Amino acid sequence: MKKIVIAASAAVVAVAGTASAATAAPAPAKPKVSWVKCTDPKLIAAKADCGFVTVPLDYAKPHGKQIQIAISRTHHTDTKNYHGIMLGNPGGPGGSGYAYSEKLPRWLKGVGHAEVAAQYDFVGFDPRGVGQSKPALTCDAHYAKPPRPNYVPTSAKIEKFWLAKSKKYAQDCTRKFGWLLPHLRTTDVARDMDSIRAALGAKKTNYYGFSYGTYLGSTYATLFPKRVGRMVLDGNVNPNTVWYGSQIEQDKAFERNIKLWFAWLAKYDSVYHLGKTEKAVEALYYKTRAAALKKPIGGVVGGDELDDIVLNAGYYTSSYEDPAAALSAWVVKKDPKPLTDSVDPGDDDNGFAVYNAVQGADAAWPRSWAKWKSDANKLYKSGYRFNTWSNVWYNAPVLYWPFKGGPALNIHGKKGLDGILLVQSTLDAATPVAGGFAMHKRFPSSRLLLELGGKTHANTLNGNKCLDDKVAKYLSTGWLPKKGAKGFDDTCKADPALNDPNPTQLRTAVANTGKDLPAGRL
């Protein structure tokens, strides 16, 4: 899913008396699937089944108002080694996982593990409020239309603009979908997953989650520990910082990763001509950004939009080349087209809407603007300038949400949970490495596999043979590393070709894995 960009983060909670309780409530008896004809060409080619599972809006009222969760399913071909259904989630919150029934097996095949792809029925689904599920949440389809005023509030006028814009967005969400908002907790989505399991007649749910999908998976494992089969959580959300603290940790990590990208540009100055040192590239970038604020590049790429385009390089090393080439085209040749072609048109806010709705329901955020402003100013003045204010405004609608979210679910795996596999890149910016260690502590039976030096967010099934082979072995046989003594259990080194790519080899490397970039912001 293309980022609507203004930053990166995630969250979920509900208000007392209006949202579902945090403990597992009884689901209606025997959910069913209404099968329909698939329309996605890739799902058709994969011979997938498509349909909807009807679930309660509020699981505390199983026979009350109902909504529909869109699902797709591809079938196993290895009957001897069949392990059941596997659900997947790409992140967000707000990312569409509907096509994961086709994507997950394709990615496994792309990294040389077709045998694992044959052992599961892969199930894609759009979480409630997302994509093809009904209803799909949208509040202001043109909220992110470019160009926008500076993310950094250098004047009282800019600050008031963003606060008013954020407040109106929250009001639009309330006016259009106030009845739905309290029921978009991650716990509600986890219960939907269990309804999907029941509707498909499976005893257990296998699961593969990226980014925010790790928080969803850990929520499911907390609520339904005895129904968990094999579970891979890649790029782990820190359950100790859900969710306000998560954005602050991201701001620090993205500053580091963008500087790593600036250093990479300097290394390949002969290709991009943007400076021969990291500091020179950084200075040139902010000079270009300042000019774009005064006169948007191609009429649409202002300073904010430039940050949005470059943000991808902080997520994935496979995204190093495109923003580099686009920035170079403008700085060196004054050709705006690569940058203008990269701008999100801001004409679909479903992902952004669900992102804020889940955050606004899941956990308590400070409701004082003074607190947000003080924390952001401290970060910015301490040198964390790239992502701090964009992240503030990406989350700011939660300031004005119609109810106070929370309490956050106590994530844990203490009763009846088999071992799950946690994977974490040590230089992941969107979900910093502390999240992997924190999740490991919450789930004593889990095993934590670190990618040492890895700069890409949620990097499994992406071509690092060491990571992908271990994940495949776990999914195929249930193998887990032996328990370690240092807070983690196994390691893989980052693949140099993927982690520090040569510009001429980047496209080939990505094409070889066949993996699309994970969706969503976490």
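## Fold, strand pairing and backbone exceptions

Among the contacts in the chain between residues at least 6 apart in sequence, 80% join residues at least 24 apart, a contact being a pair of residues with heavy atoms within 4.5 Å. The structure is a predicted model, in which local features need pLDDT of at least 70 and side-chain atom pairs count only at pLDDT 80 or more, whereas totals for chains, interfaces and linings use all residues. Residues are numbered from 1 along each chain as its sequence is written, and side-chain values use heavy atoms, with hydrogens and water left out.

**The chain as a whole**

The chain has 19 helices and 10 strands; these are DSSP runs numbered from the N terminus, the helices being H or I runs of at least four residues and the strands E runs of at least two. A compact globule of 522 residues would have a radius of gyration near 24 Å, and the 22 Å of the chain agrees with that expectation; the radius is taken over C-alpha atoms, and the globule rule is 2.2 Å times the number of residues to the power 0.38. Taken along the principal axes, the C-alpha atoms fill a box of roughly 60 × 50 × 50 Å.

Of the 522 residues, 61% are buried, where buried means under 20% relative accessible area, exposed means over 50%, and partly exposed covers the values in between (1.4 Å probe, protein chains only). The chain exposes about 19,600 Å², and carbon and sulfur atoms supply 56% of that area, which was computed by the Shrake-Rupley method with a 1.4 Å probe. The mean positions of its 69 positive and 45 negative charges are 4 Å apart; Lys and Arg count as positive and Asp and Glu as negative, without His or the chain ends, and each charge is placed at NZ of Lys, CZ of Arg, CG of Asp or CD of Glu.

**Paired strands**

Two strands are treated as paired if DSSP finds at least two bridges between them. The table gives five such pairs, each with one residue and its partner.

| Strand pair | Sense | Bridges | Facing residues |
|---|---|---|---|
| Strand 2 (49-56) and strand 3 (66-74) | antiparallel | eight bridges | D49 and R73 |
| Strand 3 and strand 5 (121-125) | antiparallel | four bridges | S72 and G124 |
| Strand 4 (85-89) and strand 5 | parallel | three bridges | M86 and F122 |
| Strand 4 and strand 6 (205-210) | parallel | four bridges | M86 and N206 |
| Strand 6 and strand 7 (228-234) | parallel | five bridges | Y207 and M231 |

Strand 4 is mostly covered, with five of its five residues buried. I85, L87 and N89 point one way from this strand, while M86 and G88 point the other way, and all of them are buried. M86 stands opposite F122 in strand 5, and its bridge partner in strand 6 is N206.

Strand 6 is likewise mostly covered, as six of its six residues are buried. T205, Y207 and G209 point one way, N206, Y208 and F210 point the other, and burial applies to all of them. In strand 3, seven of the nine residues are buried.

**A helix against its neighbours**

In helix 16 (residues 434-442), the residues G435, G436, A438, M439 and H440 are buried. The buried residues of this helix pack against helix 6 (212-223), strand 8 (421-425) and strand 9 (447-452). In an α-helix there are 3.6 residues a turn, so residues three or four places apart point the same way.

**Backbone exceptions in loops**

Most residues other than glycine have a negative phi, and most peptide bonds are trans. The bond from G92 to P93 is cis, with omega near -5°, and P93 is placed in the loop between strand 4 and helix 2 (100-110). Another cis bond runs from G406 to P407, again with omega near -5°, and P407 lies in the loop between helix 15 (388-395) and strand 8.

H273 has a positive phi, near 55°, and is found in the loop between helix 8 (269-272) and helix 9 (278-294); with a relative accessible area of 45%, H273 is partly exposed. K334 also has a positive phi, near 60°, in the loop between helix 11 (321-333) and helix 12 (337-340), and at 53% relative accessibility K334 counts as exposed.
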